[in-house]
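The following exercises concern strand pairing, a nonpolar core and a disulfide. Please work through each task with the sequence and the model at hand before reading its solution.

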Amino acid sequence: MLLLEVVADGVQIYTCEAKDGGFAWSFKAPEANLFDKQGRQVGTHFAGPTWKMDDGSVVVGEVISRADAPEPGAIQWLLLRAKSPEGSGPLSAVAYIRRAETRGGVAPKTSCDAGHLSKQARTRYSSIYQFFGETKGK
């Protein structure tokens, strides 16, 4: 059962790291504001991955499935299991979170080499997050 749907607008943060004898951009965290259907900011999304609503309810997710986005240059769509919902707001009853309709957010195409080691890059992204509760009667 769909409990809540929000639009995320923000960035995906990557860091240039030494990897497998070379260098590569490595995902670190999202940083986004969450908006309701009326365009009002209702929360934030950050490392964990964590979603926090303005009412104080919080949920941390754990990725259980990934799918390539249909739009080129967009980060993957995800299905996450809620690990630790807190508070008494809409996120307190969440069992699953779905990230869909992604735009942007992929690792930068700029060079990542010894000269850029530990540098951060922030790539713009947007998506829809849907929060689902357990279906009753199963």
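**Exercise 1. Strand pairing**

Task: Determine how many bridges join β7 to strand β8, and in which direction the two strands run.

Solution. The model is a predicted one. Begin with the limits of the strands: β7 covers residues 96-104, and β8 covers residues 120-132. Seven bridges join these two strands, which run antiparallel. One point of register is given by Y96, which stands opposite F132 in β8.

Next, turn to strand β6, residues 77-82. Four bridges connect β6 with β7, and this pair also runs antiparallel. Here the bridge partner of L78 is R99 in β7.

**Exercise 2. The nonpolar core**

Task: State how many residues the largest nonpolar core has, and which of them have the most contacts inside it.

Solution. The largest nonpolar core has 24 residues, and those with the most contacts inside it are W51, Y129 and F131. Then assign the core to its strands: β1 (2-19), β2 (22-35), β4 (50-53), β6 and β8 each supply at least two residues. Among these, β1 gives the most, with five residues. As background, nonpolar side chains in soluble globular proteins tend to be buried together.

**Exercise 3. The surroundings of F131**

Task: Establish whether F131 is buried or exposed, and which residues it touches beyond four places away in sequence.

Solution. First, locate F131 in strand β8. Second, consider its accessibility: the relative accessible area of F131 is 0%. Buried means under 20%, so F131 is buried.

Third, list the contacts, leaving out residues up to four places away in sequence. F131 touches M1, L2, L3, L4 and V6, and likewise W51, V59, L91, V94, Y96 and I97.

Finally, set sequence against space with A8: F131 and A8 are 123 residues apart in sequence, while their C-alpha atoms are 13 Å apart.

**Exercise 4. The disulfide**

Task: Identify which cysteines the disulfide joins, and which parts of the chain the pair ties together.

Solution. A search of the whole structure finds one disulfide. The disulfide joins C16 to C112, with an S to S distance of 2.1 Å. C16 lies in strand β1 and C112 in the loop between β7 and β8, so the pair ties together parts that are 96 residues apart in sequence.

Two further checks complete the description. The link of C16 and C112 is right-handed, with 100 degrees about the S-S bond. Both C16 and C112 are buried.

Definitions and conventions
Residues numbered from 1 in each chain as written. Predicted model: local features only at pLDDT ≥ 70, side-chain atom pairs only at ≥ 80, totals over all residues. Heavy atoms only, no water. Pairing = 2+ DSSP bridges. Core = buried A, V, L, I, M, F, W, Y, C linked by side-chain atoms within 4.5 Å. Buried < 20%, exposed > 50% of the residue type's maximum accessible area, 1.4 Å probe, protein only. Contact = heavy atoms within 4.5 Å. Disulfide = S-S within 2.5 Å.
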